[in-house]
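Thank you all for coming; I would like to take a few minutes to walk through one structure. Please keep the sequence and the model in view while I talk.

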Amino acid sequence: MSDKVASADQSASAGPSVGSSTKTNRVKITDFKYKPPAVEVKVGSRLTFVNEDSAAHTGTSKTPGAFDSGSIRRGESKSVVLKEAGKFDYYCAFHPFMKAKIRVVD
Ligand SMILES: [Cu+2]
């Protein structure tokens, strides 16, 4: 596991959306939103989704096979393990307009 190729390609001119992730292993879901919307975790660590909303949600990676919490009912929480470094967009399988990001760092 020594190849770290793609990390040079980060649009440096992109402004506030880059580099503003919060270091935490916990994402809350309320009002059909992930909070915070961009998090940074260490590779190999767990990220827990805490559903405090009135509906069931998921945390599903757009990268096939990266992670998928499955259905999290209201009041419940579920964890996924982030095994691979990189940037991952994810969404809710029930409400695809819900979107957020995880950055997994070495
Ligand atoms: Cu949802």
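Before I come to any particular residue, let me say that I will call two residues in contact if their C-beta atoms, placed from the backbone, lie within 7 Å. What you see is a predicted model, and I will keep to what can be computed from it.

With that meaning of contact in hand, take I102, which, leaving aside its neighbours within four places in sequence, is in contact with V39, V41, L47, L82, F88 and Y90. I102 is also one of the residues that touch the most other members of the largest nonpolar core, a set of 16 residues, and it shares that role with V27, Y34, V41, L47 and L82. Which elements give two or more residues to this core? They are β2, β4, β5 and β9, the last of these spanning 99–105, and β9 supplies the largest share, three residues. As a general remark, nonpolar side chains in soluble globular proteins tend to be buried together. In the protein as a whole, buried residues make up 21% of the 106 residues.

Let me now step back to the overall layout. The protein has nine strands and zero helices, so to speak a pattern of β-β-β-β-β-β-β-β-β when read along the sequence. Among contacts between residues at least 6 apart in sequence, 43% join residues at least 24 apart.

I turn to the sheets, beginning with the open one of five strands, whose order is β1-β4-β9-β8-β6 and whose pairing is mixed. Its edge strands, each pairing on one side only, are β1 at 22–23 and β6 at 60–61. Strand β1 runs parallel to β4, residues 38–42, and two bridges join them; within that pair, T22 stands opposite V39, and K23 stands opposite E40. On its other partner, β4 pairs with β9, again in the parallel sense, over five bridges, and there E40 has R103 as its bridge partner. Which residues of β4 lie on its covered face, and which on its uncovered one? V39 and V41 form the covered face, while A38, E40 and K42 form the uncovered one. It is worth recalling that V39 and V41 are both among the contacts of I102.

The open sheet of four strands has the order β3-β2-β5-β7, and here too the pairing is mixed. The edge strands, which pair on one side only, are β3 at 33–35 and β7 at 77–81, and neighbouring strands of this sheet are turned by 25 degrees against each other on average, direction ignored. Between them in the order, β2, residues 26–30, and β5, residues 46–51, run parallel and are joined by four bridges, with V27 standing opposite F49.

Finally, I would draw your attention to F97, which lies in the loop between β8, at 86–91, and β9. Is F97 buried or exposed? With 12 or fewer other C-beta atoms within 10 Å, a residue is classed as exposed, and F97 is exposed because it has 8 of them within that distance. The C-alpha atoms of F97 and K33 are 9.2 Å apart in space, although these two residues are 64 residues apart in sequence.

Note on methods:
Residues numbered from 1 in each chain as written. Predicted model: local features only at pLDDT ≥ 70, side-chain atom pairs only at ≥ 80, totals over all residues. Buried ≥ 20, exposed ≤ 12 C-beta atoms within 10 Å, placed from the backbone. Pairing = 2+ DSSP bridges. Axes fitted to C-alpha atoms, helices over the stretch in contact; angles between N-to-C directions. Core = buried A, V, L, I, M, F, W, Y, C linked by C-beta atoms within 7 Å.
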